Amino acid sequence: MARYISRRLLLSLVTLWLLATIVFIIANVLPNDVGRTILGPFAPQESVDALNERLGTNRPIFIRYVDTMAGLVTLDFGDSFITGKPVLPDLMAAVARSAKLAGLALFLTIPVAILAGLYAARRRDKLADRGIVLLGVTSSSIPEFVTGTILVVVVGVQLKLLPVLATPPPNADIPTQIRYLLMPATAMAIVYFGYIARMTRSGTIDVLQSDYTRTAAMKGLTTSQTMRRHVLRNALIPTVAVIAVQIGYLFGGIIAVEKIFNYNGMGQTMLFAAQRKDIPTLTAGAIIIGIVYMLATLTSDLIIAWMNPRIRLDSDS
Amino acid sequence: MTDVIVSSKPAGPMAAPPTSERAKARRETLRVLFRRPAFIVGTLIVLGWIVTAALGQRITPYDPFNQFFAGHLPPGSDHLMGTDRLGRDVLSRVMVGSRDVLIVAPLAALLGVVAGTFLGLVMGFYHGMVDNVLSRLVEAFLALPVILVALLTLVVLGSSSVVVILVVGILFTPIVARTVRSAVLSERQLDYVTAARLRGESGLFILSREIFPNVLGPTIVEMTVRFGYAIFTVATLSFLGVGIQPPSPDWGLTVAEEYTNMISGIWWPTLFPALAIASIVIAVNLVADTLQSVTNE
């Protein structure tokens, strides 16, 4: 197990380095002239040069690359082009706010989606199954901002059930905070319902067809005993993997959701940075989201290895 | 309506059958497809939007760009879906609103699938070192949400339809590559590949003439799946302001321009384009999903 974990960690670090390099290339190599990109095509050359000098973007590309990578190791993500302050503290505060929203979304969607997937698998090809599959396809195909808009119009404006904006008044207690976050979280939860339910369904169907499930049934276990002791543990492996991947992708959808509900989290911060061409904030944000994704997949791999000994033993040999 | 045979035989060839049999299998797949209501409904909706977009101003009740007066007018008998903040007819704008996304999204999907298939074929077939290096790169790309990288890239490069196509297409490439790679990995162990090797065929020949036709099925499925995601992605990017640019009546862009008015009760210029986006992404995904389940049987 220790060997599996260390191997897995090493691979994560390699991926993280590659990811940082990709982000660096997008932010520094593609624009060719960072100062010009920020100031626009009509700015005088002198101010562009001055800006490049101030930002350090007139140094050779290789030096900047080494500098950026060294900054990553020491957790120094540079200073914002706009405010001149280090980007990390602001980003971490935004990540914390987004984590609340994302956490609520996952909390809403995971149990419902897993139960729906399990139920659909048990009633395979029956009406309930068809319905759940159709619902899954539909829910995962609609962009979060569309679901968000429809929710605002119906639940917020017409029925006036929930607040339309997501930011709670300062020092609000937890139930109030949840009330404010409920609608944006639902908009995100709907997208993930489809992915998770379909993955649980197909994982469960595979396991239900296996020999060991039949053996369990034949040695006289009740259906619920079979499900609990033999089916669930194996059937949920792909589900755990897909949830981990979705945690990373959550941050893609969160940008649009936070815009609709005017919630000052990671997405809003990234979007403002994008509009003001604040490249350090954008790159640091992208790398933080990459780290979140790596941690999520790492955790899921460990959970999967714990659920299925074959995986961890295989890699040891 | 005389033929009632629904073959349960797999449509995908087990080991490179002659072309005629492949054509037969393809016809069979099509026939099964047209028995699925989800496939028919999905196709009809997509076709409907294509036709409306193509006919455009000839069938819209008003000129989608004509400003009647400065302000919002609720839905009524004159304007079935009301008017937007500049007094333009919402219904007319929704009808032509699919134009840009229906050009940008398929091209982005096509680019991603072509590049991804090529990459996946190379990765799956040559295995070893090439595969290891490329797999790590793909993994790194997949660690970032497409929307986020696209946002970053479009900010840096400036937004235009061509850049959106390129960026979304390139970001889809690793995703497609991974799918094709795993299809190639299972194909290359089959006897027909060994037979071709023993005949002394070159790697390039085996890859292009033997393996490629056999992974074409998953590739076509991937194309429809990617098309759905491309609409999803382009609409979201437009909503974020880095996708399709004004004065296009694009749905995502319209939602971005009007959503702040929802709070004051002006829901119609936002809701109708939003529902239009929902209808087309659901339709494309219904088609993709049935295609996937039919070819997997």
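**Entry 1: bent helices in chain A**

I started with α10(A), residues 223–235: 13 residues, yet the end C-alpha atoms sit only 15 Å apart, where a straight helix would reach 18 Å at 1.5 Å a residue. I went looking for the bend and found one of about 35° at A:Arg229. Note to self: this is a predicted model.

Next I checked α8(A), residues 174–208. Its 35 residues would span 51 Å if the helix were straight, at 1.5 Å a residue, but I get only 41 Å between the end C-alpha atoms. There is a kink of about 45° at A:Leu182, and the proline A:Pro184 follows shortly after. I also looked up burial for α8(A): 25 of its 35 residues are buried, so the helix is largely enclosed by the rest of the structure.

**Entry 2: chain A overall**

I counted elements and got 14 helices and zero strands in chain A. The C-alpha atoms fill a box of roughly 85 × 60 × 35 Å along the principal axes. Of the 317 residues in chain A, 41% are buried. For contacts in chain A with a separation of 6 or more, I find that 72% join residues 24 or more positions apart.

**Entry 3: where A meets B**

How many residues of each chain are in contact with the other? I get 41 from chain A and 40 from chain B. On the chain A side, the elements that give two or more residues are α1 (2–29), α6 (127–141), α7 (144–158), α11 (237–260), α12 (266–275) and α13 (279–307). α11(A) supplies the largest share, eight residues. I sorted that side of chain A by class: 31 nonpolar, eight polar and two charged residues.

**Entry 4: cores**

The largest nonpolar core has 167 residues, and the members touching the most others are B:Leu148, B:Leu151, B:Ile231 and B:Val234. I picked B:Leu151 and listed its contacts, leaving out residues up to four places away in sequence: A:Ile255, A:Met270 and A:Ala274 from chain A, plus B:Leu240 and B:Val242 from chain B. There is also a second, separate core of five residues, among them A:Val207, A:Val231, A:Ala235 and A:Ile237.

**Entry 5: a glycine in chain B**

B:Gly42 belongs to α2 (residues 37–55) of chain B. Is it buried or exposed? I count 25 other C-beta atoms within 10 Å, so B:Gly42 is buried. Leaving out residues up to four places away in sequence, B:Gly42 touches B:Ala283, B:Val284, B:Leu286 and B:Val287. I also took the C-alpha to C-alpha distance from B:Gly42 to B:His79: 28 Å in space, for 37 residues apart in sequence.

**Entry 6: backbone oddities in loops**

I scanned the loops for backbone angles. The peptide bond from B:Pro246 to B:Pro247 is cis, with omega near 5°. B:Pro247 sits in the loop between α9 (203–239) and α10 (251–258) of chain B.

In chain A, I noted A:Asp125, which is not a glycine but has a positive phi of about 70°. A:Asp125 is in the loop between α5 (87–122) and α6. With 10 C-beta neighbours inside 10 Å, A:Asp125 counts as exposed.

A:Lys277 also went on my list, as a residue other than glycine with a positive phi, near 55°. A:Lys277 is in the loop between α12 and α13 of chain A. I find 18 other C-beta atoms within 10 Å of A:Lys277, which means partly exposed.

Key:
Residues numbered from 1 in each chain as written. Chains lettered and ligands numbered in written order. Predicted model: local features only at pLDDT ≥ 70, side-chain atom pairs only at ≥ 80, totals over all residues. Core = buried A, V, L, I, M, F, W, Y, C linked by C-beta atoms within 7 Å. Buried ≥ 20, exposed ≤ 12 C-beta atoms within 10 Å, placed from the backbone. Contact = placed C-beta atoms within 7 Å. Helix = DSSP H or I, 4+ residues; strand = E, 2+ residues; numbered from the N terminus. Expected span 1.5 Å × (residues − 1). Bend = angle between axes of the 7 residues up to and from the residue. Nonpolar A, V, L, I, M, F, W, Y, C, P; charged D, E, K, R; others polar.
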